[in-house]
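Colleague: Hi, could you walk me through this one? I'd like to start with the helices and then hop around a bit.

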Amino acid sequence: MTGPPALVRPEPLRTAGTTPRGRNRSARPEPPSTTRTNASGGRTRSKYTMNAERRTPVTVLGLGNMGAALAAAFLERGHATTVWNRTAHKAEAAAARGARVAATPEEAVAASDLVVACVLDYDALHEVVDPVVATLAGRTLVNLTTGSPEQAREFAAWAAERGIAYLDGAVMTTPPGVGNPEMMFLYSGAREAFDARTSALETLGDPLYLGEDAGLASLYDVALLGLMWASFGGWLHGTALVGADGAKAVDFGQLAVRWLGGAVSGFITRYAAQVDDGRYPGDDATVDVQITAIGHLIHAAADRGVDSALPELLKAAMERASAAGHGADSFASVIEVLRKR
């Protein structure tokens, strides 16, 4: 089995006389700007007209909450945007923003070389694009529909057989975050298609390319969601625990964010290298030590009437790792009992 793919982060767009687009935390990214030297020697910024690449015409198929946010982001950045939705009235908001509303999927696909789809599922996607496959041939289809890695791979094969450049994608934010350059959008599939469409995809968020295997974006999507849910669960359990003694969730939340962003993120980086090496030196804290520590958490929860199912589950995994000979290893060795052999 090969190692995990390396993320590809596109270089910031540069044109003559311009500076790279900055990363900011605003809800919508500011357009690129030129820089000039003023009389006092300082640098000033002025807006400039976006070039043709940033104004790539785009079609958005599907206008649910996420699809509508995608269309809005393209429109806000000056892309000529055509939209289509099975329920026509959902296109009204996009039309009010300046979108062209297509009456049929074929009309929508014919309007742009870049087609972005975000529909209910892969069955719905086939229902939309199968009848217009001749029109879609030669164009780029970016599929942001949620599905499994296997579905993404099957669809990529289907697209390749029909001459469609295909990228499968995962949106790592909710609709209000679309357009924020801090939000990750994961892509996998045809590398040439990603390279050719990076500038347009930057409109939606930070585009990260995972590799030629079209299933990788979906795979990373569910893996990251699993991390999110586990983090939420641990935070809520901790909040319930300290809340039983009168602490406020907001106060505990501030400590939790600092803990996760500092020490915990450092451990993840450290342990990731150990997992790749297959060696788990227990020079920070061993599994056996952490089994004892999590026992204190379980007892504290029991004393306060707080459900302890989550820490009990973690303790069970640690105990399995210890029984398998990893008691003196780092917590990263728990992966050995999580993997299917």
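Modeller: Happy to! When I say helix, I mean a DSSP run of H or I with at least four residues, and the numbering starts from the N terminus. Please keep in mind that this is a predicted model.

Colleague: Noted. How many helices and strands does the protein chain have?

Modeller: There are 12 helices and 10 strands in the protein chain.

Colleague: And what share of the residues is buried?

Modeller: Of the chain's 341 residues, 41% count as buried. As for contacts between residues with a separation of 6 or more, 62% of them join residues 24 or more positions apart.

Colleague: Let's go to a single residue. Where is Ala159 found?

Modeller: Ala159 belongs to helix H6.

Colleague: Is Ala159 buried or exposed?

Modeller: Ala159 is buried, since its relative accessible area is 0% and the cut-off for buried is under 20%.

Colleague: What does Ala159 touch?

Modeller: Leaving aside residues up to four places away in sequence, Ala159 touches Ile164 and Tyr166. You could also look at Thr140: the C-alpha atoms of Ala159 and Thr140 are 9.8 Å apart, with their positions 19 residues apart in sequence.

Colleague: Staying with H6, how do H4 and H6 lie, parallel or antiparallel?

Modeller: H4 covers residues 122–129 and H6 covers 149–161, and their axes cross at roughly 15 degrees. Angles under 35 degrees count as roughly parallel, so H4 and H6 are roughly parallel to each other. Their axes come within 11 Å, and the crossing is right-handed.

Colleague: Which residues of H4 and H6 meet?

Modeller: From H4 you have Tyr122, Leu125, His126 and Val129, and they meet Gln151, Ala152, Phe155 and Trp158 of H6. By class, that contact holds 6 nonpolar and 2 polar residues, with no charged ones.

Colleague: Is there some logic to the spacing in helices generally?

Modeller: Yes, an α-helix has 3.6 residues a turn, so residues three or four places apart point the same way.

Colleague: New topic: H8 and H9. At roughly what angle do the axes of H8 and H9 cross?

Modeller: The axes of H8 (residues 216–243) and H9 cross at roughly 135 degrees and come within 10 Å. That makes H8 and H9 oblique to each other. H8 passes H9 in a right-handed crossing.

Colleague: Which residues meet there, between H8 and H9?

Modeller: Trp235, Gly238, Thr239 and Val242 of H8 meet Ala249, Phe252, Gly253 and Ala256 of H9. The classes there are 5 nonpolar, 3 polar and no charged.

Colleague: I see Val250 in H9 too. Is Val250 buried or exposed?

Modeller: Val250 is exposed, with a relative accessible area of 61%. Its C-alpha is 9.1 Å from that of Thr239, and the two are 11 residues apart in sequence.

Colleague: What comes after H9? I'm curious where Thr286 is found.

Modeller: Thr286 sits in the loop between H9 (249–277) and H10. Thr286 is buried, with a relative accessible area of 17%. Not counting residues up to four places away in sequence, Thr286 touches Gly327, Ala328 and Asp329.

Colleague: Then on to H10 and H11. At what angle do H10 and H11 pack?

Modeller: H10 (residues 287–303) and H11 (residues 309–326) pack at about 160 degrees, and their axes are 10 Å apart. The cut-off for roughly antiparallel is over 145 degrees, so that is what H10 and H11 are. H10 passes H11 in a left-handed crossing.

Colleague: Which residues make the contact?

Modeller: On the H10 side, they include Val287, Ile291, Ile294 and Ile298, and on the H11 side, Leu314, Lys315, Met318 and Glu319 are among them. Counting every residue of the contact between H10 and H11, there are 8 nonpolar, 3 polar and 4 charged.

Colleague: Last one, back to the start. How many of the residues of H1 are buried?

Modeller: H1 is mostly covered, with 9 of its 12 residues buried. Met66, Leu70, Phe74 and Leu75 are among the buried ones. From first C-alpha to last, H1 (residues 65–76) reaches 17 Å, close to the 16 Å expected. Just after H1 comes Gly78, which takes a positive phi of about 90 degrees.

Colleague: Lovely, thanks for the tour!

Note on methods
Residues are numbered from 1 along each chain as its sequence is written. This is a predicted model: local features need pLDDT of at least 70, side-chain atom pairs count only at pLDDT 80 or more; totals for chains, interfaces and linings use all residues. Side-chain values use heavy atoms; hydrogens and water are left out. Axes are lines fitted to C-alpha atoms, for helices over the stretch in contact, and angles run from 0 to 180 degrees between N-to-C directions. Helices (H or I, at least four residues) and strands (E, at least two) are DSSP runs, numbered from the N terminus. Angles under 35 degrees count as roughly parallel, over 145 as roughly antiparallel, 65 to 115 as roughly perpendicular and the rest as oblique. A crossing is left-handed if the near helix is turned anticlockwise from the far one by less than a right angle, and right-handed if clockwise. Contact means heavy atoms within 4.5 Å. Ala, Val, Leu, Ile, Met, Phe, Trp, Tyr, Cys and Pro count as nonpolar, Asp, Glu, Lys and Arg as charged, and the others, Gly among them, as polar. The expected span of a helix is 1.5 Å times one less than its number of residues. Buried means under 20% relative accessible area, exposed over 50%, partly exposed in between (1.4 Å probe, protein chains only).
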